[in-house]
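Let us take a walk through this structure together. Please have the sequence and the 3D view open, and follow along as we go.

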Amino acid sequence: MLAIAAAVVLPQETEACTGITLKAADGAYVVARTIEWGGSNLNSQYVVVPRGFVQRSLTPSGTDGMEFTARYGYVGMSVEQKEFVAEGLNEAGLSAGLFYFPGYGAYEAFDAAKKAASISDLQLVPWILGSCKDVEEVKAAVQQVHVIAAYPDASTVHWRFADASGRQLVLEIIDGRPMFYENELGVLTNAPGFTWQLTNLNNYVNLYPGAAPSQMLGALKLSPFGAGSGFLGIPGDITPPSRFVRAAFYQASAPQQATARDAVMQCFHILNNFDIPIGIETDRGKKATDIPSATQWTAVTDVKNRIIYYRTMYDSSIRAFDLRSIDFASVSYRAVPLDRTKEQPVQIVTIS
């Protein structure tokens, strides 16, 4: 448990989630995200949770917070320990995920007298996935609990919720009060707050897809060096505001795909642009972590068809769970590492 606390406390390493959304021509909504942490291996697992499964929230005083029982079954991806689901999808078609949010949120202070109704920030996702069928139920549910820090010295997170209707919400807890924002853009990164990120897009009103036109500079003719010059000036660093801008413009310029499956593949291609190589996030004089990438895994969720896909830093092949094929009334709870072996498979092409 202490490892995830350290991961969220230390600002010098990359914790840089990027989320996007696409709509296919067949009406399917697809939400996708990366999860980064350059400090250590997050030891992520996939977690299958049946209906009726009972959990209890952590509090600063122990595992003595709110008890919650899954009304809906779900599949999620955890970080550090199986209870901390960072991204998941339930059988009703609700997607939920947490994103790092350092320095801008503030939860309620933990009150031991209210611990029976207190849920830790790192367990909000599994509680919501087990309890709610759509984003309207999410809004109502959050108002009934006290969201607290599992580790008071750790940084805050914020959350993205999406349902099959295409509606998407961002939840940020500011000064102890839950604030919900309709996310019509479908993009989310980290700090600063969501509304600031939307406002910041106005700084890039000059960007557009395609080529910039040639123009004259006095007697000198200026012409673009190559394709895509309309995006000249788009920020390329890995800070959350820059990633938000890139995600917004890459998403907006992507051609609409015919089917959900096509949109899923397109999400993976777009999110290739947000892979963070090990080393760029490491301070001078410090040794980089011995893992292949700071982008530890990428998840893409076809909310309409109840399929969640993923790939990892060890294995870029895409794997998926079709929730329609899982009997959540009888399946057993399980938590399994995302990778069976920590090595990228390579197929040798034989020439005869």
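What follows goes from the sheet and its helices to the backbone, the salt bridges and the cysteines. Please keep in mind that this is a predicted model.

A good place to begin is the sheet. Eight strands form an open sheet with antiparallel pairing, in the order β13-β12-β11-β8-β7-β6-β3-β19. The edges belong to β13, residues 177-182, and β19, residues 334-337. Each of these two has a single partner strand, so one side of each is left without a neighbour in the sheet. As you step from one strand to the next, the twist averages 30°.

Zoom in now on one pair of strands. Strand β11, residues 157-162, runs antiparallel to strand β12, residues 168-174, and four bridges join the two. One residue to look for here is Ala162, whose bridge partner in β12 is Gln168.

Two helices can be placed against this framework. Helix α2, residues 124-131, packs on the sheet and touches β6 (74-79), β7 (81-90), β8 (95-100), β11 and β12. If you compare directions, helix α2 makes about 45° with β7. Helix α3, residues 135-142, lies across β11, β12 and β13. The direction of helix α3 is at about 165° to that of β13.

Next, let us turn to the backbone. Most residues other than glycine have a negative phi, and most peptide bonds are trans. With that in mind, three places deserve a stop.

The peptide bond between Ala191 and Pro192 is cis, with omega at about 0°. You will find Pro192 in the loop between β13 and α4, the helix of residues 194-200. Asp175 has a positive phi, near 50°, although this residue is not a glycine. Asp175 sits in the loop between β12 and β13. Is Asp175 buried or exposed? Its relative accessible area is 67%, so Asp175 counts as exposed. Arg306 also has a positive phi, near 60°, and is a residue other than glycine. To reach Arg306, go to the loop between β16 (295-302) and β17 (307-312).

Now for the charged side chains. The structure holds twelve salt bridges, and we can visit a few of them. In one, the side chains of Asp64 and Lys115 meet, with 3.4 Å from N to O. This pair links distant parts of the chain, with the two positions 51 residues apart in numbering. Asp64 is in the loop between β4 (54-56) and β5 (67-69), while Lys115 is in the loop between β8 and β9 (118-120). Asp64 is partly exposed, with a relative accessible area of 22%, and Lys115 is partly exposed too, at 31%.

A second salt bridge takes us back into the sheet. There, the side chains of Arg160 and Glu87 meet at 3.5 Å, N to O. Which elements does this pair link? Arg160 belongs to strand β11 and Glu87 to strand β7, and the two are 73 residues apart. Arg160 is at 1% relative accessibility, so this residue counts as buried. Glu87 is buried as well, at 1%. The pair is part of a network of salt bridges that links Arg33, Glu87 and Arg160.

One more salt bridge is worth a look, that of Arg324 with Asp322, where the closest N and O atoms are 3.0 Å apart. Arg324 is exposed, with a relative accessible area of 54%, whereas Asp322 is partly exposed at 25%.

We can finish with the cysteines. How many disulfides does a search of the whole structure find? The search finds zero. To see why, follow Cys17 to the closest cysteine sulfur, that of Cys267: the two sulfurs are 16 Å apart, which is too far for a bond. For Cys267, the closest cysteine sulfur is in turn that of Cys17, so the 16 Å gap rules out a bond from this side as well. A disulfide requires the pair of sulfur atoms to be within 2.5 Å. As for their surroundings, Cys17 counts as buried at 1% relative accessibility, and Cys267 counts as buried at 0%.

Technical notes
Residues numbered from 1 in each chain as written. Predicted model: local features only at pLDDT ≥ 70, side-chain atom pairs only at ≥ 80, totals over all residues. Heavy atoms only, no water. Buried < 20%, exposed > 50% of the residue type's maximum accessible area, 1.4 Å probe, protein only. Pairing = 2+ DSSP bridges. Axes fitted to C-alpha atoms, helices over the stretch in contact; angles between N-to-C directions. Contact = heavy atoms within 4.5 Å. Salt bridge = Lys/Arg side-chain N within 4 Å of Asp/Glu carboxyl O.
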